[in-house]
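Subject: Structure for you to look at

Hi,

Here is the structure I promised. Please open it first, then read my notes below.

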Amino acid sequence: MKKQKETGGDMPLSGHLRELRNRLGICIVSLVVAFLVALYFSQDIITFLTDIGDVYGYEFVYIAPQELLLEQFSVSLVAAVCIASPILIYHIWAFIQPGLKKNENSMFAAVLISGLICFVIGILFAYKIMLPFMLKFLIGISAGSGITASISVEKYVSFLLTIFLIFGVIFELPVVSVLLTQIGLLKVEWMKKAFKPAIIVIFLIAAIVTPPDIVSQTMVAFPMIGLYELSILLSSFLLRFRRKKKVDKDGEQ
């Protein structure tokens, strides 16, 4: 009798562990290769980041012998995760995919892809719109004081990476909202009722993550409000689509 072919549904535990080991190995190798490539271009990456501040008169220094070297490793690690993220996302999906139903599989893949896209859009928004205003405002504080802004490379790069991360996460709001409404943990009605309190919370968050000027706060708050409204629209549309599809399916039966 021929041995039955193992599929994702009937694969034994040892098979899952072996697959997990193989996929982890591929992900680790991808990260290492991406890290080495990023390390080779690390000085170019740091130069690119410092060029953003050079426009506004920042002067950069490093105050410890190893600071610049450690910063090259730091940006290389972040760049490696970004470069290898498509491979990492694929292997996460490929490992989970056999245990998902067809509709769950499609939703999970859509969440991963749209989450990555929204994160990139958030970073681009921070780079193109927010950082110029923030850096200009912060350097403007010392204008006329006779104090030259000599900024530690470590502190500056850490500031930029933090801003990129914050806005990347903020732009995940529609993806998270749609996912939670699809699995029933969040109701569209709750989001609609909480709209006014959400605006207050959004402005508080904007005040925390931006310099204390109304222009920067508004430029952060308005996109967040727009993302909140987009979350409501997308969640409502997908729920109506799912209900209509269910009604059509019941009608055919």
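A residue counts as buried under 20% relative accessible area, as exposed over 50%, and as partly exposed in between. F73 has a relative accessible area of 36%, so F73 is partly exposed. Please keep in mind that this is a predicted model.

Aromatic pairs

F73 also belongs to an aromatic pair. The count of such pairs comes to 11. In one of them, F73 sits with F35, the ring centres being 6.1 Å apart. The planes of F35 and F73 meet at 25°, and planes under 30 degrees apart count as stacked, so this pair is stacked. The contact links distant parts of the chain. F35 is in helix α1 (residues 13-40), and F73 is in helix α3 (residues 67-96). The two residues are 38 residues apart.

Next, look at F203 and F222. Their ring centres are 6.5 Å apart. Their planes stand at 90°, so the pair is edge-to-face. This pair, too, links distant parts of the chain. F203 is in helix α8 (residues 195-209), F222 is in helix α9, and 19 residues separate them. How accessible is F203? Its relative accessibility is 30%, so F203 counts as partly exposed. F222 has a relative accessible area of 53% and is therefore exposed.

There is also an aromatic cluster made of Y58, F60 and Y156.

Salt bridge

How many salt bridges does the structure hold? The structure holds one. Side chains of opposite charge can pair when their charged atoms come close. Here the partners are E19 and R23, with 3.0 Å between the closest N and O atoms. Both E19 and R23 lie in helix α1. They are four residues apart, about one turn of the helix. Are the two partners buried or exposed? E19 is buried, and R23 is buried as well.

Positive patch

On the surface there is a positive patch. K187, K192, R240, R242 and R243 form it. Which helix gives the most to the patch? Helix α9 (residues 214-252) does, with three residues. R240 has its place in helix α9. The relative accessible area of R240 is 53%, so R240 is exposed.

Helix α9 is a good place to end, as F222 of the edge-to-face pair lies in this helix, and so does R240 of the patch.

Best wishes

Key:
Residues numbered from 1 in each chain as written. Predicted model: local features only at pLDDT ≥ 70, side-chain atom pairs only at ≥ 80, totals over all residues. Heavy atoms only, no water. Patch = residues over 30% accessible without salt bridge, like charges linked within 9 Å, V, L, I, M, F, W, Y side chains within 5 Å. Areas by Shrake-Rupley, 256 points an atom, 1.4 Å probe, with all protein chains shown as cover. Salt bridge = Lys/Arg side-chain N within 4 Å of Asp/Glu carboxyl O. Lys, Arg positive; Asp, Glu negative; His and termini not counted. Charge placed at Lys NZ, Arg CZ, Asp CG, Glu CD. Buried < 20%, exposed > 50% of the residue type's maximum accessible area, 1.4 Å probe, protein only. Phe/Tyr/Trp six-rings, centres within 6.5 Å; stacked < 30°, edge-to-face > 60°.
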